[in-house]
Amino acid sequence: KRPNRTAREETNRELIKTRLTEPSLLDLAKLFTRKAIRCFGDGTYDLAIFLDDGPHQRAAVHELVLFDGAYHPLYRQVSQGMYLGLFALSLVPPVQAALAARRGCRALRVPAPWLCLFGLFLFLMMWETNSRYTLNYMPVLVVCACLGAAWLRAPRSLRKARIPREKPAGA
């Protein structure tokens, strides 16, 4: 005999409450750290998994990309270095904006690309852990990295310029 709808809803509420209260914040932090490393920790984007579908004849790309390929360690190191470089450059403007905010200045006029990356990060932490989603965001990461590189190449006087905050109307 199936329980009535009210009893099912009550059971579901209790189950959700139990699942939310069982893990501690430390457990959730560990889980999110593992998921972040899984999603954002590999510059190869797991291309070996996509290409390793039993090719009839191995080509040069297989020797480079597949896990058992002769040049895979080199490929992994180079791609990881480039990936971390893009991330490092993309973090320059938000860090600069945070420092400028501490000095009472306004900065980072175009936060949309960084909000997109942060949204991706939240999605991957809450939903599914798969590096294929980060591959789709590569253009956004490249834009953020280019903006970071442009900021680093800007003259020092321009980087240190104070842009006063706008005062609200009627203040």
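**Cysteines**

The disulfide count for this predicted model is 0. Why does Cys116 stay unpaired? Its sulfur lies 8.0 Å from the closest cysteine sulfur, in Cys144, and that is too far for a bond. The cut-off for a disulfide is 2.5 Å between sulfur atoms. Cys146 is likewise in no disulfide. For Cys146, the nearest cysteine sulfur is that of Cys144, 9.4 Å away. Cys116 is partly exposed, at 37% relative accessibility. Cys146 is also partly exposed, at 48%.

**Overall fold and confidence**

The protein chain holds 9 helices and 0 strands. Its pattern along the sequence is α-α-α-α-α-α-α-α-α. There are 171 residues, and 24% of them count as buried. About 12,500 Å² of the chain is exposed, with carbon and sulfur atoms supplying 65% of that area. Of the contacts between residues at least 6 apart in sequence, 63% join residues at least 24 apart.

Mean pLDDT for the chain is 80, and 84% of residues reach 70 or more. Which elements mark the extremes of mean pLDDT? Helix α8 (residues 138-153) has the highest value, 90, and helix α9 (residues 156-159) the lowest, 64.

**Helix α5**

Helix α5 spans residues 72-102. Ser90 sits in this helix. Is Ser90 buried or exposed? Ser90 is buried, because its relative accessibility is 2%. Leaving aside residues up to four places away in sequence, Ser90 touches Trp114, Leu141, Cys144 and Ala145. Cys144 is also the residue whose sulfur is closest to that of Cys116.

Val95 belongs to helix α5 too. Val95 is partly exposed, with a relative accessible area of 46%. Its C-alpha atom is 10.0 Å from that of Gly148, although the two residues are 53 apart along the chain.

Helix α5 also gives the most to a nonpolar surface patch, with 3 residues. The patch covers about 520 Å² and is made by Leu64, Tyr71, Leu74, Val78 and Met82. Tyr71 is found in the loop between α4 (60-65) and α5.

**Salt bridges**

How many salt bridges does the whole structure contain? The search finds 6. Three are set out here.

| Pair | Closest N to O distance |
|---|---|
| Glu10 and Arg13 | 2.9 Å |
| Arg58 and Glu63 | 3.1 Å |
| Asp68 and Arg58 | 3.3 Å |

Glu10 and Arg13 are 3 residues apart in helix α1 (residues 5-21), so about one helical turn separates them. Both are partly exposed: Glu10 has 39% relative accessibility, and Arg13 has 48%. The pair is part of a salt-bridge network that links Arg5, Glu9, Glu10 and Arg13.

Arg58 bridges to Glu63 and also to Asp68. What does the Asp68 pair tie together? Asp68 lies in the loop between α4 and α5, and Arg58 in the loop between α3 (47-51) and α4, so the pair joins parts that are 10 residues apart in sequence. Asp68 is exposed, with a relative accessible area of 60%. Arg58 is partly exposed at 35%. Glu63 is partly exposed as well, at 25%.

Note on methods:
Residues numbered from 1 in each chain as written. Predicted model: local features only at pLDDT ≥ 70, side-chain atom pairs only at ≥ 80, totals over all residues. Heavy atoms only, no water. Patch = residues over 30% accessible without salt bridge, like charges linked within 9 Å, V, L, I, M, F, W, Y side chains within 5 Å. Areas by Shrake-Rupley, 256 points an atom, 1.4 Å probe, with all protein chains shown as cover. Salt bridge = Lys/Arg side-chain N within 4 Å of Asp/Glu carboxyl O. Helix = DSSP H or I, 4+ residues; strand = E, 2+ residues; numbered from the N terminus. Buried < 20%, exposed > 50% of the residue type's maximum accessible area, 1.4 Å probe, protein only. Contact = heavy atoms within 4.5 Å. pLDDT = per-residue confidence, 0-100.
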